Amino acid sequence: MASSAPRGLRSDHVVTVGIALFSMLFGAGNLIIPPLLALQAGTATPLAMVGFLIAAIGLPVMGFIAVALAGTARELAGRVHPKFGEFFVAAVYLAIGPCLAIPRTSSTAFEMLVPLLPEGVSLGTARLVFAVAFFVVAFALTLRPGVITRVLGRITGPALIALIVLVVGAAVISPLGPAAAPQAPYDAGAAVQGFLTGYQTMDLLASLAFGIIIAETIHELGVTDDRRVAFEISRSGVIAGVLMAIIYCGLALAGMQLGTVMPDATNGAAILARSASMHFGLAGTVVVFAIFFLACMNVCIGLISCCSRYFCETYVVEGGAEASEEAMRRPFAILAFVFAAFSCVLSNVGLDVILMFSVPMLNALYPVAIVLVLMGLVHGFCDAHPQVWVWVGGVVAVQSVITSVRDAFFAGAWLPFDALPLAEIGAAWAPVAVVAFVIGLVHSRFVAHSRS
């Protein structure tokens, strides 16, 4: 008798999707943050890495699971209010897409190519040529959604891992120096500072965005039951998280060994380049460029695809996600071209200005994303007390936006939020969320009592 259990992914498909998820999340920022953290944390690196791994891996994996349980990121945020969900998710896609992350993929990869360019070459011209070629390749791969998982999961993802293993392996086999004493801010509360540093990866926001393409990929592999799709996304997220944890620790080891060699370093890319060149000479510089190029290309493809599909389904094509692939093909291609072209321009001119406004935008979004994910993991309880969603999501959003506007335009100005616990480490939103949660519970019970 045939089993009636919903069909799941084969083991090899789970691994492939997990590596694809890793490739989409693991960009240049993920490469350069751990070495710099370890160089500055020195002997306190183990403690700092505990906090970092919780924020940089734990939160994103929980994000994938929360989105899988809710259906989509918009349905998760929409529990606060449908308009809130629409605005929040659109802001997430813009923030981690064409307004920041996509243009940075090209510009960061190019910076690692500069040491390999012949003397006398115009950097402006070289940057333009590189950006155009970079985004042409990314755009071409974006138009082939069925190829994305195969390319990321079977080719560029494993290649990226192999190159990183080469650099990290050299650091393990042939250490370059001992760990130095911790520098500020890791000389006090290293674990807390590591956690805050993990925010800089912005992978929690990315986990909310990438749920769409991963869910569709799993559907294409033959899994049709919604609950089973959620389970497979969770399994793939765990695989991606384990891969990232191993590589983060390896990169941290490479950075920790250079604490006495380049103690004043402020750039993780320079630390990796120095480590590779000290081990392999010119070949090391080539390896580092290859690592950054693959990481940046992987993330660029994933971001263009996810952003284009979301805005196409939400605002362009009638029928949204239920529309046929034929109806989606042309508007999807147009949006993908617009995002790629816009990002190409920003990667050459005006990126510093964009960053000035994008970073506060991300700081406003991240606390909201954290509370939505945490409530999404216990959505059954929160759904039974619906006012909790409204109070927590709304109040944390207001507090985060006000604080981010202050930090961007009125740095140093005092706010009442500054008197709250944890404000000194930029987490005043946490006690705000707790208070809002309690108010939401009381409000929900009052509403339920009134109706009864």
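In this predicted model, arginine 309 pairs up with glutamate 313 in a salt bridge, with 3.7 Å between the closest N and O atoms. Both partners sit in helix H13, which spans residues 282-316, and because they are four residues apart there, about one helical turn separates them. As for solvent, arginine 309 and glutamate 313 are both buried.

Elsewhere, salt bridges with shared partners link Arg74, Lys83 and Glu86 into one network. Within that trio, glutamate 86 bridges to lysine 83, and the closest N and O atoms are again found 3.7 Å apart. Here too the spacing is about one turn of helix, since glutamate 86 and lysine 83 are three residues apart in helix H5. Lysine 83 is out in the open: its relative accessible area comes to 57%, so it counts as exposed.

A longer-range contact in sequence joins aspartate 383 to arginine 79, whose closest N and O atoms lie 3.0 Å from each other. Aspartate 383 belongs to helix H16 (residues 379-384), while arginine 79 is in the loop that runs between helix H4 (73-77) and helix H5 (82-96); the salt bridge therefore ties together parts of the chain that are 304 residues apart in sequence. Neither end is fully tucked away: aspartate 383 is partly exposed at a relative accessible area of 35%, and arginine 79, at 26%, is partly exposed as well.

Taking the whole structure, the search turns up seven salt bridges, among them the pairs arginine 309 with glutamate 313, glutamate 86 with lysine 83, and aspartate 383 with arginine 79.

Technical notes:
Residues numbered from 1 in each chain as written. Predicted model: local features only at pLDDT ≥ 70, side-chain atom pairs only at ≥ 80, totals over all residues. Heavy atoms only, no water. Salt bridge = Lys/Arg side-chain N within 4 Å of Asp/Glu carboxyl O. Helix = DSSP H or I, 4+ residues; strand = E, 2+ residues; numbered from the N terminus. Buried < 20%, exposed > 50% of the residue type's maximum accessible area, 1.4 Å probe, protein only.
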